[in-house]
Amino acid sequence: MNKLAAMITKRIVFGVLTLFAISLLIFVGVEALPGDLAEAILGQNATPETIQAFRTELKLDLPAHERYFAWINAFVHGDLGKSLANGRPIAEVIGWRFANSLLLAGATALFAIPLAIILGLLAAIYRDSWFDKCISMVTLSAISLPEFFVAYILIALLSVQIFLFPSISNINDQMSVFQKMHAIFLPCLTLAFVVVGHMMRMTRAAIINVLSSPFIEMAKLKGIGRKRIIVKHALPNALSPIINVVVLNLAYLVVGVVVVEVVFVYPGLGQLLVDAVSKRDLPVVQASGLIFAATYVFLNLTADVLSMLSNPKLRNPR
Amino acid sequence: MVALHDINKQKPLLDIKQLNIEGFDGEKWSSIVKNMDMKLMRGEVLGLIGESGAGKSTLGLAAMGYTQTGCRIASGSIHFDGLSLTDAPEQSVIELRGSRISYVAQSAAASFNPAHKLIDQFAEGPVQHGIMSYTEAVEKAIDLFRRLDLPDPENIGFRYPHQVSGGQLQRAMVAMAMATDPDIIIFDEPTTALDVTTQIEVLVAIKDVIKELNTAAIYITHDLAVVAQLADRIMVLRHGNLIEAGDARQMLDNPKEDYTRRLLAVRSLGEEKIRNEKDPNVILDINGVSAGYQKGVNIVQDINLRVKRRKTVAVVGESGSGKTTVARIVTGLLPARGGQISFSGERLSPDLASRDRECLRRLQMIYQMPDVALNPRQKIKTIIGRPLSFYFGMKGKEVTARVKELLGMVELPESYIDRYPAELSGGEKQRICIARALAANPDLIICDEVTSALDQLVAEGILNLLQRLQNELGISYLFITHDLATVKAIADEIVVMYKGRIVEQGLKSEILKPPHHDYTQLLLSSVPEMDPDWLDNLLEERAAA
């Protein structure tokens with residue numbers, strides 16, 4: 001067990017280091033944005049004095065590295081700073097938005113992941129049958145279509161032609177769980193179209209890859225049925241790639257859904273980020289960037305750990 | 001009634017008639033097994049022998065009504081106990097597999113599912129076929145593990161495949177095949193991947209168990225000496241055709257076909273060598289060297305060995321004895337911890353990075369697996385041409401001319417120059433590896449199990465080639481192998497290694513003559529001989545000792 005613990009610890013340390021590297025990248029990226037923040041915010045009426053005062057207040061007159069360490073230090077202590085646009089604490093601005101993003105991602109994942117894995121297993125069991133071919137074609141088309149296109153088609157069909165679901169996914173705290181689910185049904189479906197294809201195809205490929213192993217032939221020669229071979233013999237040995245693709249898609253669901261959020265006017269973190277960039281609300285941009293990065297790193301870390309645990313050689317040392 | 005019983009007894013358990021099996025090579029179907037007839041009686045052991053590509057594994061699998069992906073049964077019939085495996089519904093054939101006919105694969109390490117415990121894999125067949133409950137299967141497993149002499153039979157099944165050794169795993173697989181008391185077991189090269197000392201354990205286990213339970217068996221191997229220990233009857237296959245079939249003893253004493261005779265002759269290959277006794281300088285001198293991978297743990301300890309010009313020194317030992325480590329030390333891949341290595345009188349720096357190009361050139365290596373040692377995306381010309389430009393700065397036409405010359409030296413046609421490794425056979429690929437080593441004009445070539453992955457006849461060709469090159473070019477070889485037949489054929493001097501130490505060394509004639517060191521004796525006596533009584537006699541001797 002020691003070896004496994006050591007490997008996991010190593011991953012966690014690398015994850016933290018990665019986060020620091022990303023925070024630096026975000027900071028440098030924001031620094032490199034063209035134009036002067038103070039002038040942009042104060043507009044054309046600004047006098048040199050107000051600009052100077054504004055800079056001093058935001059500590060923009062300090063050298064870059066000092067501001068970076070001040071920012072990171074505050075961040076680590078839970079202080080995300082204040083929004084420039086409305087002066088509210090960023091934690092407050094981001095908090096409920098991030099919760100909304102997680103809700104959308106979680107709801108999608110809840111039905112998309114089992115669906116994708118079951119479809120992948122079925123495709124592998126009935127490999128090269130019409131079922132397999134159909135499903136491969138459908139998922140491939142779903143992946144190939146841009147998500148906003150899928151979104152508008154769904155709106156046209158399920159919201160305009162027959163009014164089943166709202167085309168604007170506005171949610172608030174007063175709504176019941178059922179109402180929320182109803183409201184976010186269309187964005188969920190759109191996202192599912194994108195991620196199910198990936199995960200299903202990877203599941204199928206990973207299993208078919210294992211199917212050429214000698215132990216699968218051995219199982220066949222033991223007279224084991226095809227379904228049992230796939231589920232009992234192939235799946236446990238194909239877990240690592242499947243876990244990785246699932247987590248990668250989870251990460252996409254949390255951090256990569258800006259387009260879908262915009263189409264459905266969903267109050268998620270992605271939309272906030274877009275707004276903040278256009279308003280030059282830099283502290284918000286930095287904070288959301290870092291939250292996205294943290295989510296990504298955390299999920300990938302989870303994938304690594306789960307992959308290691310799925311390996312019997314690491315779970316049961318000699 | 002008695003008469004009827006007798007007739008039933010005479011009826012073969014397995015009856016294959018005029019069987020044709022074809023394989024798809026991406027373009028067309030080609031024949032793998034041709035017009036094969038095969039009968040197997042209850043309790044009989046049939047040996048199928050031939051080199052790879054002879055169709056013996058395909059035929060063995062066909063006895064289970066099974067063909068590998070990309071193969072099909074084109075015509076002919078397979079009857080098992082009255083049931084036609086080619087016509088019966090698939091479900092009833094699947095029911096037979098793992099219950100009445102079972103299979104033991106060549107590599108147990110690859111054929112056990114790494115994700116499940118041995119016992120669960122053992123029980124899966126019987127439970128799925130509805131023959132016994134899981135608890136009954138566990139009891140049966142423990143009983144069979146004990147019969148097969150596995151250590152700690154009560155608990156070994158609860159381990160994962162990677163937690164037991166190769167020989168134990170192979171025996172566990174034999175146990176798994178016996179789980180349902182099948183009528184027939186098909187053994188597909190079950191000892192080929194094992195070293196000689198482990199091979200004996202597994203052979204004995206197989207022999208005892210099938211005799212005791214009166215199971216019929218098909219034993220597939222390329223090693224005549226192994227099959228001689230077990231089989232009642234032998235069929236010799238080549239290119240999918242039956243060459244010769246008959247009683248095991250008769251065939252070994254009096255082979256009718258030339259091909260069988262050649263298979264028999266491989267074992268006693270080229271004992272005499274043309275020797276040039278001049279120039280006995282020492283080319284490689286290893287003095288008191290130790291090395292290991294982890295801190296403080298030495299894999300090999302206090303190695304002293306000398307290779308003379310134009311001589312072959314063979315390092316033998318079972319797997320894990322440290323013989324490959326010695327090769328890695330000499331090449332500098334694993335820097336030595338203590339001691340000294342000198343190469344034609346000069347001190348050799350222990351790690352690869354600090355050796356100069358001239359030193360690299362004079363010391364070349366040939367590997368066990370030619371498939372892995374050749375870049376599949378490079379043409380032969382690039383592969384052999386690389387050392388020519390690297391060491392001698394040759395260019396263009398000069399390279400082409402020299403590559404052709406080298407191909408000639410390894411007895412391959414010049415036209416191979418534009419081929420890719422995938423277009424060559426295993427033996428041809430190994431010849432390319434030899435040509436690549438020769439391109440550097442080396443003084444010493446380290447051969448790491450160069451013939452282990454090859455069939456006997458192909459291996460014989462490679463050994464003869466190496467011998468000829470030594471006579472012509474005066475190269476020295478450090479020959480790493482676990483195969484004593486190879487050693488007998490090619491070595492001048494022998495170094496026997498055991499657990500990281502040299503236990504005996506000297507001229508071949510001295511080492512192969514008694515008295516031996518205990519371990520050398522064990523190794524020597526473990527090499528199967530053609531005598532069908534060899535295994536029984538050996539066990540008696542060992543029991544008496």
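**Exercise 1. Getting an overview of chain B**

There are 23 helices and 20 strands in chain B of this predicted model. Work out how compact chain B is for a chain of 545 residues.

*Solution.*
Step 1: Begin with the radius of gyration, which is 26 Å for chain B.
Step 2: Set this beside the globule rule, which gives 24 Å for 545 residues. The two values are close, so chain B is as compact as a globular protein of that length.
Step 3: Add the dimensions. The C-alpha trace of chain B spans about 85 × 55 × 45 Å along its principal axes.
Step 4: Look at burial and contacts. Of the 545 residues in chain B, 45% are buried. Among contacts between residues at least 6 apart in sequence, 68% join residues at least 24 apart.

**Exercise 2. Following strands 1, 4 and 5**

Find how strand 4 of chain B is joined to strand 1 of chain B, and how strand 4 pairs with strand 5 of chain B.

*Solution.*
Step 1: Recall the principle. Strands of a sheet pair through backbone hydrogen bonds, either parallel or antiparallel.
Step 2: Take strand 1 (residues 14-24) and strand 4 (residues 71-80) of chain B. They run antiparallel and are joined by eight bridges. You can find one pair of facing residues here: B:Gly23 is opposite B:Cys71 in strand 4.
Step 3: Move on to strand 5 (residues 83-84) of chain B, which pairs with strand 4 in the antiparallel sense over two bridges. B:Phe80 has B:Leu83 in strand 5 as its bridge partner.
Step 4: Inspect the turn. The hairpin of strands 4 and 5 of chain B has two residues between the strands, and B:Asp81 takes a positive phi near 50° there.

**Exercise 3. Reading two sheets**

In what order do the strands of the four-stranded open sheet of chain B lie, and in what order do those of the six-stranded open sheet lie?

*Solution.*
Step 1: The four-stranded sheet has the order 12-11-14-15, with antiparallel pairing. Its edges are strand 12 (300-308) and strand 15 (346-347) of chain B, each of which pairs on one side only.
Step 2: Zoom in on one edge. Strand 14 (residues 338-343) and strand 15 of chain B run antiparallel and share two bridges; B:Ser342 is partnered by B:Arg347 in strand 15.
Step 3: See what lies across this sheet's strands. Helix 13 (residues 323-331) of chain B crosses strand 11 (282-291), strand 12 and strand 14, and runs at about 115° to strand 11 of chain B.
Step 4: The six-stranded sheet has the order 16-17-18-13-19-20, and its pairing is mixed. Strand 16 (363-366) and strand 20 (501-507) of chain B are its edge strands. On average, neighbouring strands of this sheet are turned by 15° against each other, direction ignored.
Step 5: Pick out a parallel pair. Strand 17 (residues 444-448) and strand 18 (residues 476-481) of chain B run parallel, joined by five bridges, with B:Cys447 opposite B:Phe479 in strand 18.

**Exercise 4. Exploring the cores and the contact with chain A**

Which helix gives the most residues to the largest nonpolar core?

*Solution.*
Step 1: Find the core, which has 160 residues. B:Ala63, B:Ile184 and B:Ile218 are among the members that touch the most others.
Step 2: Now name the helix. Helix 11 (residues 226-255) of chain A gives the most, with 15 residues.
Step 3: Follow one residue. Leaving aside residues up to four places away in sequence, B:Ile218 touches several residues, including B:Leu40, B:Leu48, B:Gly60 and B:Phe187.
Step 4: A second, separate core has 70 residues, including B:Leu454 and B:Ile490.
Step 5: Turn to the contact between the chains, which takes 14 residues from chain A and 24 residues from chain B. On the side of chain A that touches chain B, the largest share, four residues, comes from helix 10 of chain A.

**Exercise 5. Spotting positive phi values**

Is B:Gln18 buried or exposed, and is B:Asp152 buried or exposed?

*Solution.*
Step 1: Most residues other than glycine have a negative phi.
Step 2: B:Gln18 has a positive phi of about 45° and lies in strand 1 of chain B. B:Asp152 has a phi near 50° and is found in the loop between helix 6 (134-147) and helix 7 (153-156) of chain B.
Step 3: Use the cut-off: a residue is exposed if 12 or fewer other C-beta atoms lie within 10 Å of its own. B:Gln18 has 11 within 10 Å, so B:Gln18 is exposed. B:Asp152 has 11 C-beta neighbours inside 10 Å, so B:Asp152 also counts as exposed.

Terms used. Residues are numbered from 1 along each chain as its sequence is written. Chains are lettered from A and ligands numbered from 1 in the order in which they are written. This is a predicted model: local features need pLDDT of at least 70, side-chain atom pairs count only at pLDDT 80 or more; totals for chains, interfaces and linings use all residues. Two strands pair if DSSP finds at least two bridges between them. Two residues are in contact if their C-beta atoms, placed from the backbone, lie within 7 Å. Axes are lines fitted to C-alpha atoms, for helices over the stretch in contact, and angles run from 0 to 180 degrees between N-to-C directions. The radius of gyration is taken over C-alpha atoms; the globule rule is 2.2 Å times the number of residues to the power 0.38. A residue is buried if 20 or more other C-beta atoms lie within 10 Å of its own, exposed if 12 or fewer, and partly exposed in between; C-beta atoms are placed from the backbone. A nonpolar core is a set of buried Ala, Val, Leu, Ile, Met, Phe, Trp, Tyr and Cys residues joined through C-beta atoms within 7 Å.
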